[in-house]
Structure formats: structure tokens, C-alpha cells
Amino acid sequence: MQTAYIHSPLGITRITGDENGVTEISVRNEEQPPTAKIPKTLQEAAKQLAEYFDGKRTEFTFKLNPQGTEFQQRVWQELRSIPFGKTVSYMDITKKLGDIKAIRAVASANGKNPLWIVVPCHRVIGTDGSLTGYAGGLWRKKWLLEHETPSMQQSLF
């Protein structure tokens with residue numbers, strides 16, 4: 001397993017993976033110098049994340065290899081289907097998975113998402129439109145949602 005650290009507007013981002021794909025992307029609160037030479041297996045992920053933060057990318061195409069239970073994998077796959085710039089509720093996801101009683105399990109799987117931003121758990125909000133919890137901090141969730149849905153300037157004419 002190889003690891004790289006890159007700068008992002010939300011803090012140092014840690015990328016972990018190998019030739020089978022990226023297993024983890026997380027944001028760090030503590031200081032960590034960026035990796036001087038990013039391992040070849042992580043270069044594409046680092047490049048695409050930089051493009052995302054620069055506003056030049058809306059989807060990710062590098063190989064993923066998240067580790068989790070079968071249920072977590074199903075939830076994370078459903079999260080990946082949320083379009084860029086859109087949000088859904090936890091209830092929306094439970095309905096798509098076919099069991100509205102699984103809302104707490106869906107929320108738990110969402111919270112254990114190992115692929116920050118790429119598996120867009122930040123796009124999941126409360127049924128009432130509230131931001132709800134976010135492992136990276138609500139300020140980061142708010143920043144990501146605003147980054148993905150920039151307000152359009154009103155025309156003066």
C-alpha cells in the first residue's frame with residue numbers, strides 16, 4: 001500500500017492505494033507536508049483531485065478499491081450515482097436500496113465512506129434540507145456543496 005499527501009483548499013488530503021486501486025482518500029486536520037514524489041499508482045488520483053478543486057472536473061475515473069462490507073459497498077455505489085451539483089436525502093438512498101427501515105444503516109455506511117469526495121457522501125443531506133453530520137466537519141461539507149453549485153451572477157439587463 002502506498003500513500004501520498006497533497007494540498008487541497010480544505011486541508012491536507014491523504015491518498016492511499018496500490019495497483020488494485022485507491023482504497024482511501026481522507027482530509028487531515030493536522031499539518032503534513034505534501035509528498036514530494038507521488039507514487040505512480042496514485043498520480044492519476046492526485047491529478048484528478050487537483051482538477052476537481054480547480055473547478056475543471058465533475059467526475060472521477062481512476063480505479064477505486066474501497067474496503068467494506070457488502071452493504072457498505074452497495075451504499076457507496078449508490079452515493080457515486082448522485083450527480084455533481086445535486087443532493088439527495090438519506091431517505092432517498094434507503095428507498096433506492098429497497099429498504100426504508102435501513103436509514104440508520106445507510107447513515108452509518110455513509111459515515112464510513114473511505115473515499116472522501118470521490119464517493120460523494122457530502123451530497124447527502126437531511127430530509128428537511130439540513131446539512132446533517134459530516135466526518136470532515138460541516139464547514140467542509142458546506143464548502144464542497146457550494147463548490148459544486150456556484151451561484152450564477154444575476155444579469156443586470
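In which strand does Ser89 lie? Ser89 belongs to strand S4. The model examined here is predicted. Ser89 serves as an entry point, and the description then moves to the chain as a whole and on to its helices.

Ser89 is buried, because its relative accessibility of 8% falls under the 20% cut-off. Beyond its neighbours within four places in sequence, Ser89 is in contact with Val124, Ile125, Gly126 and Thr127. Two of these partners, Val124 and Ile125, make up the range given for strand S5 (124-125). Ser89 was also compared with Lys101. Twelve residues separate the two in sequence, and their C-alpha atoms lie 14 Å apart in space.

The protein chain as a whole contains five helices and five strands. Read from the N terminus, the order of elements is β-β-β-α-α-β-α-α-β-α. The chain has 157 residues, for which a compact globule would have a radius of gyration near 15 Å; the value for the chain is 16 Å, so the two agree. The C-alpha trace extends about 55 × 45 × 30 Å along its principal axes. Of the 157 residues, 43% are buried. Among contacts with a separation of 6 or more, 56% join residues 24 or more positions apart. The exposed surface comes to about 9,100 Å², and carbon and sulfur atoms supply 52% of that area. The chain carries 20 positive and 16 negative charges. The mean positions of these two sets are 2 Å apart.

Helix H3 covers residues 90-97. Its buried residues are Tyr90, Ile93, Thr94 and Leu97. Seen down the axis of H3, these residues fall within an arc of 100°, so they line one face of the helix. The face turned away from that buried side carries Lys95 and Lys96, which are exposed. The buried residues of H3 pack against several elements: helix H2 (70-80), strand S4 (88-89), helix H4 and strand S5. Gly98 follows H3 and has a positive phi, near 90°.

Helix H4 spans residues 103-111 and includes Asn110. Asn110 has a relative accessibility of 6% and therefore counts as buried. Residues up to four places away in sequence aside, Asn110 touches Val75, Leu79, Tyr90, Cys121 and Val124. One of these partners, Tyr90, is itself among the buried residues of H3.

The loop between H4 and S5 holds Ile117. Most residues other than glycine have a negative phi. Ile117 is not a glycine, yet its phi is positive, at about 70°. Ile117 is also buried, with a relative accessibility of 1%.

Helix H5 runs over residues 138-148 and contains Arg140. The buried residues of this helix are Arg140, Lys141, Leu144, Leu145 and Glu148. Viewed down the axis of H5, they fall within an arc of 130°, so they line one face of the helix. Their packing partners are strand S3 (21-28), helix H1 (40-53) and strand S5. Arg140 counts as buried because its relative accessibility is 5%. Not counting residues up to four places away in sequence, Arg140 touches Leu10, Val27, Arg28, Asn29 and Tyr134. Among these, Val27 and Arg28 fall within the range of S3. Arg140 and Phe53 are 87 residues apart along the chain, and their C-alpha atoms are separated by 13 Å.

Strand S3 also contains Thr23. Thr23 has a relative accessible area of 13%, which means that it is buried. Leaving aside neighbours within four places in sequence, the contacts of Thr23 are Met1, Thr16, Gly17, Asn65, Pro66, Gln67, Pro114 and Leu115. The distance to Phe53 was computed for this residue too. Thr23 and Phe53 lie 30 residues apart in sequence and 20 Å apart in space, C-alpha to C-alpha.

Note on methods:
Residues are numbered from 1 along each chain as its sequence is written. This is a predicted model: local features need pLDDT of at least 70, side-chain atom pairs count only at pLDDT 80 or more; totals for chains, interfaces and linings use all residues. Side-chain values use heavy atoms; hydrogens and water are left out. Helices (H or I, at least four residues) and strands (E, at least two) are DSSP runs, numbered from the N terminus. The radius of gyration is taken over C-alpha atoms; the globule rule is 2.2 Å times the number of residues to the power 0.38. Buried means under 20% relative accessible area, exposed over 50%, partly exposed in between (1.4 Å probe, protein chains only). Contact means heavy atoms within 4.5 Å. Accessible areas come from the Shrake-Rupley method with a 1.4 Å probe; for residues, only the protein chains shown count as cover. Lys and Arg count as positive and Asp and Glu as negative; His and the chain ends are not counted. The place of a charge is taken as NZ of Lys, CZ of Arg, CG of Asp or CD of Glu. The arc is that of the directions from the helix axis to the C-beta atoms.
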